[in-house]
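Biologist: Could we go through this model together? I should like to start with the strands and then move on to the helices and the copies.

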There are 4 protein chains.
Amino acid sequence: DDMLEVAGLRFRSRLLVGTGKYRDFEETRRAIEASGAEIVTVAVRRVNITDPKQPMLVDHVDPKKYTYLPNTAFCYTADEAVRTLRLAREAGGWELVKLEVLGDHKTLYPDMLETLRAAEELIRDGFKVMVYCSDDPLMAKRLEDLGCVAIMPLAAPIGSGLGLQNPVNIRIIIEQSSVPVLVDAGVGTASDAALAMELGCDGVLMNTAIAHAKDPVMMAHAMRHGVEAGRLAYLAGRMPKKFYADPSSPLAGLI
Amino acid sequence: DDMLEVAGLRFRSRLLVGTGKYRDFEETRRAIEASGAEIVTVAVRRVNITDPKQPMLVDHVDPKKYTYLPNTAFCYTADEAVRTLRLAREAGGWELVKLEVLGDHKTLYPDMLETLRAAEELIRDGFKVMVYCSDDPLMAKRLEDLGCVAIMPLAAPIGSGLGLQNPVNIRIIIEQSSVPVLVDAGVGTASDAALAMELGCDGVLMNTAIAHAKDPVMMAHAMRHGVEAGRLAYLAGRMPKKFYADPSSPLAGLI
Amino acid sequence: DDMLEVAGLRFRSRLLVGTGKYRDFEETRRAIEASGAEIVTVAVRRVNITDPKQPMLVDHVDPKKYTYLPNTAFCYTADEAVRTLRLAREAGGWELVKLEVLGDHKTLYPDMLETLRAAEELIRDGFKVMVYCSDDPLMAKRLEDLGCVAIMPLAAPIGSGLGLQNPVNIRIIIEQSSVPVLVDAGVGTASDAALAMELGCDGVLMNTAIAHAKDPVMMAHAMRHGVEAGRLAYLAGRMPKKFYADPSSPLAGLI
Amino acid sequence: DDMLEVAGLRFRSRLLVGTGKYRDFEETRRAIEASGAEIVTVAVRRVNITDPKQPMLVDHVDPKKYTYLPNTAFCYTADEAVRTLRLAREAGGWELVKLEVLGDHKTLYPDMLETLRAAEELIRDGFKVMVYCSDDPLMAKRLEDLGCVAIMPLAAPIGSGLGLQNPVNIRIIIEQSSVPVLVDAGVGTASDAALAMELGCDGVLMNTAIAHAKDPVMMAHAMRHGVEAGRLAYLAGRMPKKFYADPSSPLAGLI
């Protein structure tokens, strides 16, 4: 069977979804259900997963049914990120985490120096780190060499919905990696997700594309199909591109 | 329910598939099944649907289960096309047909003058004509005004797998049409199909992209998801594209 | 020397420019000068070239220095177009003309049926017809077979500035044509013009991209360089695209 | 006047060219001349600029006429790069240099950690450092903060000719930088250069696109025009993109 394996765990779905930006926990729940995701990522700094006196995500999205993946959204230094995940581990026992250390408020691009630092410390500390990163293949390689369990390069700026900007870089990262590569951030619609998967990605993580669609639940459903479509097309092996029905007349050099 | 309506008939699937270019009828059958298609199109001039002494498609792809759509592939004049469909109607009673009149052997582009002529005659003769055409919006409008029941502009040259070349034209055709618009020809992989549907197409017809994939049955499955993904994303209404997480800093003029 | 030859005339510049949409004739003059164009096209129905009591384009753009190319902008039938060019010929003796017959006011796409009709009549009448057309290769071929002296497919809708939408079609037209092929309409900026020329076009015609730039005269200058850049790059023969510096590691299938 | 200013020096040309990969120094000379470049970059480790007993570049490309920009191509660590440039300074007195520290032999991507290290040391040592880098905006900002005099992100892998892969990143780097931003590596043809300049780059550096064209001298000439075209188009301010001639009918959401 074709399954996603991360850190020894196996998942049928290759679509990972965020839990923020929804109108309420009920919409979150319905969108996640429609997406078919088995891994949901949670911004420890924003989503209430510890204070039982407030409305809690866990009351809507069952942690027994879904793999919770705590993330460090809104952390701007390695220290903040490490501290945040330690708190999460104490609160919920989570060891599989998503690290992201942002560099500025405008672009939300990852700060790769701080990311490397945090990854190193977290891995030393026993965490299994899935890591949000730039699409620089050398940085991706460094993160893998440190021991990260999944490489998660951005497709485009977080929340932009621009779709995969640099397929060449993503493809190089896929070719060089022996851990799963998941595109994280920047996907805007279902064909974007399909395209990333057709390149050979092991999965896609998204939040805004679903939460900010006009109908988030329907878009979650679309994304489920998009990821599946791209994965199957990748495995099936697409037909070669040609310029003429008549193969003896190639439209040379146009590609 | 969201269904494709053509000529008064209703279909759950928006993926239409061809029946040529497979290794054998058995592979044809399996691919069609995996695609979820309810309409299969048949080149009357090539596929045996009338001579019971030869292997027959109908023995593998049940005409009671699938809507057969006879097409005029390999016809290069209006006369040939009209004659071909009349024979098909006599043989099988089919009135819903796909008209294509090709202009040359190299590009397999539709000859729009002959196509207009044939469409007119076929409609006068009682056929319900789905019509393969260029992506020229004015030609599409003429065909609709003649009474065609579906407009089927090419995404790219037949058999090229290049994907949608001119989304602007396709989009204009969609906006102006009150009959279904289906992209026909040129799709290469699942994200191409999703993209066409996200533009607002009512359906996609393909053959080579499935038949010439390394694993046609798996690709048929991929295409099923791709079309579904694109349709749902279109209905869900995608998030707007932005250049910065911080909306106060638009990346002006870059789009 | 590398020159553009149309209807037996030879031009050093491969950039043809329109004369409309400028603030005044003085700006028109300065932009044309900066563009280096030798052929200027004039909408006979809009630009005063016959009434000496009104401000006249010829007082600013010297017909001895520039080849005036009367066009049929704002004509929506073959009859209007033919009549318009006959009037122009009587007034100014012009035989080299640009035919365009528009199909609707919204997209300004050419009506190819009326265009074919008008081309036939004008050629019979002794005109040398450069013809604005869709990018349908079969229509382009028909126009060449009728005797048109240049084929001028659109890059994108008139006035849209979207740039070349369908390089595949333009390239097929170039390969099949023995008369010059010039992209007409849709160019938005200098790289668009360069790109069209790199495909092998013989020239580019534009109006809005220059006239509606913030600084039309500077943009005219940019376009001059863009066309020249594209032409030289085409003749020079570009390097092949590769995915890796190391040629033994092709990034297969990504193109 | 519109001039490129780097480290207090002013140049009319915004095209910088490499000196490697040519058949001989004579072709190098002719291509450089045709390009109009005023800055030529030299791989200190490969091009003979110090041993008068061997053929020397300086005998063909006059260092009085051109600004020589020594670079560290073929260096894979900060130490190698620093040592190489110190030798170059001793030999030729050059203080304005181009730093590149490559990460691997396959992609020739810059190793940003080593690049940061080398930049810091070179700047402390009095060099004026133009720096080849990834298109990660945060890395670009760090390099500027260290004191680099020009930021030179790659358009695509060195020698690939793929053209600008990620205009969003390049554009963000341009917006955030107060030193010149030049695209370095990956340009394949003249329109690529024009496009980079239209985004607002201050210049473009290239080598293979010229040296490996079929006719390098003619391509050098094309590139000169391409860079000029893009610069002027950027300054002129392009027309807005529209989908319909009729502005009241926007083709919503298609961009």
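Modeller: Gladly. One definition is needed beforehand: two strands pair if DSSP finds at least two bridges between them. Please keep in mind that this is a predicted model.

Biologist: Understood. In E4(B), what is the bridge partner of Val17(B)?

Modeller: The partner in E4(B) is Val40(B). The two strands, E3(B) and E4(B), the latter covering residues 39-43, pair in the parallel sense over two bridges.

Biologist: How does the chain cross from E3(B) to E4(B)?

Modeller: The path runs through helix H1 of chain B, residues 25-35, and this β-α-β crossover is right-handed.

Biologist: And which residue of E10(B) does Val17(B) stand opposite?

Modeller: Val17(B) stands opposite Met206(B) there. E10(B) comprises residues 203-206, runs parallel to E3(B) and is joined to that strand by three bridges.

Biologist: Are the faces of strand E3 of chain B covered or uncovered?

Modeller: Both are covered. Leu15(B) and Val17(B) are buried on one side, and Leu16(B) and Gly18(B) are buried on the other. In a regular strand, side chains alternate between the two faces of the sheet.

Biologist: Changing topic: where does Asp111(A) lie?

Modeller: Asp111(A) is in the loop of chain A between strand E6, residues 96-99, and helix H3, residues 112-124.

Biologist: Is Asp111(A) buried or exposed?

Modeller: Buried, because its relative accessible area is 9%, where the cut-off for buried is under 20%.

Biologist: Which residues does Asp111(A) touch, not counting those up to four places away in sequence?

Modeller: Asp111(A) touches Val101(A), Leu102(A) and Gly103(A), together with Leu138(D) and Arg142(D) from chain D. In addition, a polar atom of the Asp111(A) side chain lies 3.1 Å from the backbone nitrogen of Leu113(A).

Biologist: Let us turn to chain D. What does helix H2 span?

Modeller: H2(D) has 15 residues, 78-92, and reaches 21 Å from its first C-alpha to its last, close to the 21 Å expected at 1.5 Å a residue. Just after the helix, Gly93(D) takes a positive phi of about 80 degrees.

Biologist: Which residues of H2(D) are buried, and what do they pack against?

Modeller: The buried residues are Ala78(D), Glu80(D), Ala81(D), Val82(D), Thr84(D), Leu85(D) and Ala88(D). They pack against strands E5 (67-71) and E6 (96-99) and helix H3 (112-124) of chain D.

Biologist: What about Thr115(D), in helix H3 of chain D?

Modeller: Thr115(D) is buried, with a relative accessible area of 0%. Leaving aside neighbours within four places in sequence, Thr115(D) is in contact with Leu99(D), Val101(D), Pro110(D), Val131(D), Tyr132(D) and Leu143(D).

Biologist: Finally, the copies. What turn lays chain B on chain A?

Modeller: A turn of 180 degrees, with a shift of 0.0 Å along the axis and an RMSD of 0.0 Å. The two copies are therefore related as by a two-fold rotation axis. The same surface serves both, since 100% of the contact residues of chain B recur in chain A.

Biologist: And what turn lays chain B on chain C?

Modeller: Here too the turn is 180 degrees, with a shift of 0.0 Å along the axis and an RMSD of 0.0 Å. In chain B, the C-alpha nearest that axis belongs to Asn166(B), 2.9 Å from it. Of the contact residues of chain B, 100% recur in chain C.

How values were computed: Residues are numbered from 1 along each chain as its sequence is written. Chains are lettered from A and ligands numbered from 1 in the order in which they are written. This is a predicted model: local features need pLDDT of at least 70, side-chain atom pairs count only at pLDDT 80 or more; totals for chains, interfaces and linings use all residues. Side-chain values use heavy atoms; hydrogens and water are left out. Copies are superposed by least squares on the C-alpha atoms of residues with pLDDT of at least 70 in both. Contact means heavy atoms within 4.5 Å. Buried means under 20% relative accessible area, exposed over 50%, partly exposed in between (1.4 Å probe, protein chains only). Helices (H or I, at least four residues) and strands (E, at least two) are DSSP runs, numbered from the N terminus. A crossover is right-handed if, with the strands pointing away from the viewer, the path from the first strand over the helix to the second runs clockwise. A polar contact is a pair of N or O atoms within 3.5 Å; within protein, one must be able to donate a hydrogen and the other to accept it, and residues adjacent in sequence count only if both atoms are side-chain atoms. The expected span of a helix is 1.5 Å times one less than its number of residues.
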